[in-house]
Number of protein chains: 2
Amino acid sequence: MTTPARTEATQKLGKAQYAYEWIKVQILEQAFTPGYRLVLANIAQTLGMSVVPVREAIRRLEAEGLVTFERNVGARVSMVDGEQYRYSMEALGILEGAATAQSAAHLTAKELAEARELNAKLEESLENFDPETFTAVNHQFHQILACRCPNQRLNDMIAVEWERLNHLRTSTFSFVPNRARASVNEHYQILHLIETHAPADAVEKAVREHRTATLRSYLNSRGTN
Amino acid sequence: MTTPARTEATQKLGKAQYAYEWIKVQILEQAFTPGYRLVLANIAQTLGMSVVPVREAIRRLEAEGLVTFERNVGARVSMVDGEQYRYSMEALGILEGAATAQSAAHLTAKELAEARELNAKLEESLENFDPETFTAVNHQFHQILACRCPNQRLNDMIAVEWERLNHLRTSTFSFVPNRARASVNEHYQILHLIETHAPADAVEKAVREHRTATLRSYLNSRGTN
DNA sequence: CCGCCGCAGATAATATACGATTTCGAATAA
DNA sequence: TTATTCGAAATCGTATATTATCTGCGGCGG
């Protein structure tokens, strides 16, 4: 089934890389649920390779926090408690706030227009609401706003944190629909701040609070369930 | 020479772990300078193990940014340009500011006393100045202030960034002595803010600016050289 | 009846062997 | 002289084999 595509990708990027991506997809798509035990030999056989590249892939996933590893025992998909989701959201708010503030001054008119367009798409999608696409477009929106941040290190950290959140989110809850409307409005506010060249502090604060609000709404929704 | 200690550590933590730590020490102590090529077979022979654990160690170092890796070519110690140092400092300022602000409310009197003591030690050491110890104690100081941050994720990121900075710093410059005095004073200010229960914003801002100032002084000193 | 000991199965950790890719220099032809 | 091709050395990538470690279970002794 995936064999033809695999052999191709395998040759170019190496089996380790392929295994890495494959496992990550399994985790993100819930084929491997939290707590699932990743047995080297099994995966190696499934992918038609030896255990060595698989091992390497798993260690990389460990470094990203998607799996936990115990010596002489093995790896399993990270268990996710609500705390971890909270921590990552908070961290992302902090990083993204700072990055967006730095990026704001360098954004071109075209990029701002793109961002507006994306937010409009979000607004439309409020009708027949689909959490997955909403999340994806939302990600794009924030990515554009932060993309001109000259600090590459920050951007890297943000990327890692988004991946982590994708994992944690799908594992813990299916979204908070009520929040979507407010989120879109806050996006417009952020755009306004940037377009009117508001001080960097203000942009940073707005972005961070935007995320904090999402987090709060999540915590509330969990509390009342 | 290191054999007896090694065999012991090797047994407990595994050769991969040992290799990882050994290589890291070499890099941090400048035995492996930036650009140095890390050849699997060489290191494996030096450490008396096969290439497999060495390979794993190197991939872990890659994930931390201490070495760069190119497929079918190999690994080398990361080249460091001034930009990277700047980015990491900035990132650390952002993260540490937020973490310290969150931590402030939970710090015990004992911990604050410890912090004061460490800063006093820094003040003393201004006489016969030694950059290495200053840096180390400085790290401890900030670590204590942030240690009560409930967000474990933030703490992890900060730890990684400190390591990275240690690498970058020793590679690029030997410190800016003039800055040390101001740094100590700012530490006292930060302590004062925490002890008087200043708002979190204020603490965060102070810590971030503390680091920004260090960065500025570094950039200036480079500019006038 | 409960807890410790040891054995067997499973699985990770490492070693060794082989194949694949890149790099660099030397020989050759324009 | 210079560009190009060919080949050998170096080094990485992966597979296979071996060893070490953990886990769970069943028996033995208290």
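Student: Which helices and which strand each supply at least two residues of the surface near DNA strand D?

Tutor: A residue is near a strand if one of its heavy atoms lies within 4 Å of it. Helices (H or I, at least four residues) and strands (E, at least two) are DSSP runs, numbered from the N terminus. Here, helix H2 (15-28) and helix H4 (51-64) of chain A, with strand E1 (37-38) of chain B, each supply at least two such residues. This is a predicted model, in which local features need pLDDT of at least 70 and side-chain atom pairs count only at pLDDT 80 or more, while totals for chains, interfaces and linings use all residues. Residues are numbered from 1 along each chain as its sequence is written, chains are lettered from A and ligands numbered from 1 in the order in which they are written, and side-chain values use heavy atoms, leaving out hydrogens and water.

Student: Which part of DNA strand D lies within 4 Å of the protein?

Tutor: Of those DNA atoms, 90% belong to sugar or phosphate and the rest to bases. Among the 19 residues around the strand, A:Lys15, A:Ser50, A:Asn72, B:Arg55 and B:Asn72 come nearest.

Student: What do the backbone atoms of A:Lys15 and B:Asn72 approach?

Tutor: A polar contact is a pair of N or O atoms within 3.5 Å. A backbone N or O atom of A:Lys15 lies 2.7 Å from a phosphate oxygen of DNA strand D. For B:Asn72, the corresponding partner is a sugar or linking oxygen, at 3.3 Å.

Notes
A polar contact is a pair of N or O atoms within 3.5 Å; within protein, one must be able to donate a hydrogen and the other to accept it, and residues adjacent in sequence count only if both atoms are side-chain atoms.
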